[in-house]
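Trainee: Before I use any of these labels, I'd like to hear what stands behind them. Can we go through them together?

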Amino acid sequence: MIGVQSKSTASYLFNYLNYSLIFIYLLFVIFPIFWIALLSLKNEVQAFANPPLFIFKPYFLNYYNLFVEEGFGKYLLNSIIIATSSSIICLLIGAPTAFALSRNQNKVNQGILIWVLISRMAPAMTYVIPFFVVFSYFKIIDTHFGLVITYSVFNLPLVIWLMRSFFLELPSETLEAAKIDGASTFQIFRKIAIPLASPGIVSTGIITFVVAWNEFIFALVLTRRHAVTAQIGIGNLQKFEGTEWGQMAAGAIVLILPAMIIAIFISKYFVQGLTSGATKG
Amino acid sequence: MFSEKNEFRILSFPSLIILGLLTVFPIIFLFVLSFTSWSILIPNSFQFTFNNYFERMINDSKFIHTIKVTFYYIIVNTFFQMVIGFAIAFLLFRFTKLKFLRPIIIIPMLVPPAVVGLMWKMMFIPNLGGIDYYLGLFNIPAIDWLSNPTTALIAITIASVWEWTPFVIIVILAGLDSLPKSPIESAVIDGANTFHIIFYIIIPLLKPIILVVILLRIIESLAILPIVFMMTGGGPALATEAINLYAFHVGLEYLDIGYAASILVAFIFILLIFSTPIILSSLKKDTK
């Protein structure tokens, strides 16, 4: 490895400096979340106390009011329905394409892949106004259906790109052997490729779910009241007559928790999907 | 049954049709809209006037301002994300004992952008967020970060560095892990120090990955919206409003669709100006 462990004082000092850099960065990552978690348990007076309070009587009413008075549960449910169904649709449509593109590499398919990549990279804002106009025309603004369609389309390139890299990793001898035995491409896809690539499917599913769950711009423009997702719902807690910061902090914590759970328990899948997309792209 | 080629076609048909309809069509529609004088507030205004929106844009001081803000985000946000991300990735690579920290480091990336914006908004509110209190310990006077144009920009940069540095770290780390060990080992034997190894071996070897990461960061910084929307809403007095948010305000709040569409066409051109050189240089690498 690079770190040659010479025992001079200078190298101790250098290591010490490096460890403290990592420590400072970790503090920067953790501190805001820790602070908001504290805030979500404080009432108005405790929240604005100067110097800040670290030991106080926790005030759980923030969470109660968030769900009972503000109806945050409905927003969460909307988010879950929309993110789940769009991820499933995306995988169903995208995986066969990814398989076909991974098995059949020629100039046309290279072009298709680059097109897929570019349509993924274009910022959502450039699509929002045409979508808004067309969705208003068909009266599907503020429906779950509208957002599910939108997210399925915009996650499709991601699914194709990620699944293709997972299908490329499959042992080609197995697939060739099945072909020689007379299996059709559909059979190879369904009976061999899908089971073998299932870890990849899981990690692609998680990534598309997270992307749909976190999406902001389309949800902002294409929802009004009925299909509002949690990302927009939490913003609606900011009110002209004064914001309940404790409630907002509670909402933030509710939305950060899934992120932390994903990060700690299934980060392996997530990182694997992300890096295989980025480094092979 | 089908020939193999047709089977591939059937498998890829649905998504290519959907992608074609829903990605190419909106962009064409956007260009068409940019030639109309359509405003939803004015009845019967959907007419092809071939309005000279270009002239209007050049004379629109707000638009020029939002371009400057966008360039600030592209350059400053991307720079800090890359530098901090590379440094931390290198340190984590070097100290293999710290592998257990990786899951913690990716948390910010998974937090919804809207929540990142609200979270940092709360952090910067005097007394509520405590940042002023801790700066006060170092005798830095308390200021209302989000209501001063300069500090509001800095606050947004801090939030975006918090959110996106993990992405840089994760991808660079994956690149570092896949590097061949022998050039580094022989350089160590030849007596190269850490800085030589970073600048003469690791960076050249990682160049393709670094370029991709920079490209993705630039696009993301260009399209920065949720953080700004939640933290400042573009204020104080447009100080933090990027071109993206301006198009949103013009098109979906003042409902001046025609003008908003032409702003977005300009936006696409800015995107191409920044991304084409990087795409070209990474393609060149491939053909070698």
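Mentor: Sure, starting with domains: their bounds come from an automatic or database domain assignment. For chain A that assignment gives domain 1 (9-61) and domain 2 (62-280). This is a predicted model, where local features need pLDDT of at least 70, side-chain atom pairs count only at pLDDT 80 or more, and totals for chains, interfaces and linings use all residues. Residues are numbered from 1 along each chain as its sequence is written, while chains are lettered from A and ligands numbered from 1 in the order in which they are written.

Trainee: How many residues does the contact take from domain 1 and from domain 2 of chain A?

Mentor: The contact takes 12 residues from domain 1 and 11 residues from domain 2. Two residues are in contact if their C-beta atoms, placed from the backbone, lie within 7 Å. The C-alpha centres of the two domains lie 32 Å apart.

Trainee: What makes a residue of chain B count as nonpolar, polar or charged on the side that touches chain A?

Mentor: Ala, Val, Leu, Ile, Met, Phe, Trp, Tyr, Cys and Pro count as nonpolar, Asp, Glu, Lys and Arg as charged, and the others, Gly among them, as polar. In all, 73 residues of chain B are in contact with 76 residues of chain A. Helix α1 (residues 4-33) of chain B gives the most to that side of chain B, with 17 residues. By class, the side of chain B divides into 60 nonpolar, 9 polar and 4 charged.

Trainee: Why is α4(A) called oblique to α1(B)?

Mentor: The axes of helix α4 (residues 72-103) of chain A and α1(B) come within 8 Å and cross at roughly 125 degrees. Under 35 degrees counts as roughly parallel, over 145 as roughly antiparallel, 65 to 115 as roughly perpendicular and the rest as oblique. So α4(A) is oblique to α1(B). Among the residues that meet there are A:Phe99 in α4(A) and B:Leu11 in α1(B).

Trainee: And B:Leu271: why is this residue called partly exposed?

Mentor: A residue is buried if 20 or more other C-beta atoms lie within 10 Å of its own, exposed if 12 or fewer, and partly exposed in between. B:Leu271 has 18, so this residue is partly exposed.

Trainee: What is B:Leu271 in contact with, leaving aside its neighbours within four places in sequence?

Mentor: With that restriction, B:Leu271 is in contact with B:Ile219 and B:Leu222. B:Leu271 itself lies in helix α13 (residues 257-287) of chain B.

Technical notes. Helices (H or I, at least four residues) and strands (E, at least two) are DSSP runs, numbered from the N terminus. Axes are lines fitted to C-alpha atoms, for helices over the stretch in contact, and angles run from 0 to 180 degrees between N-to-C directions.
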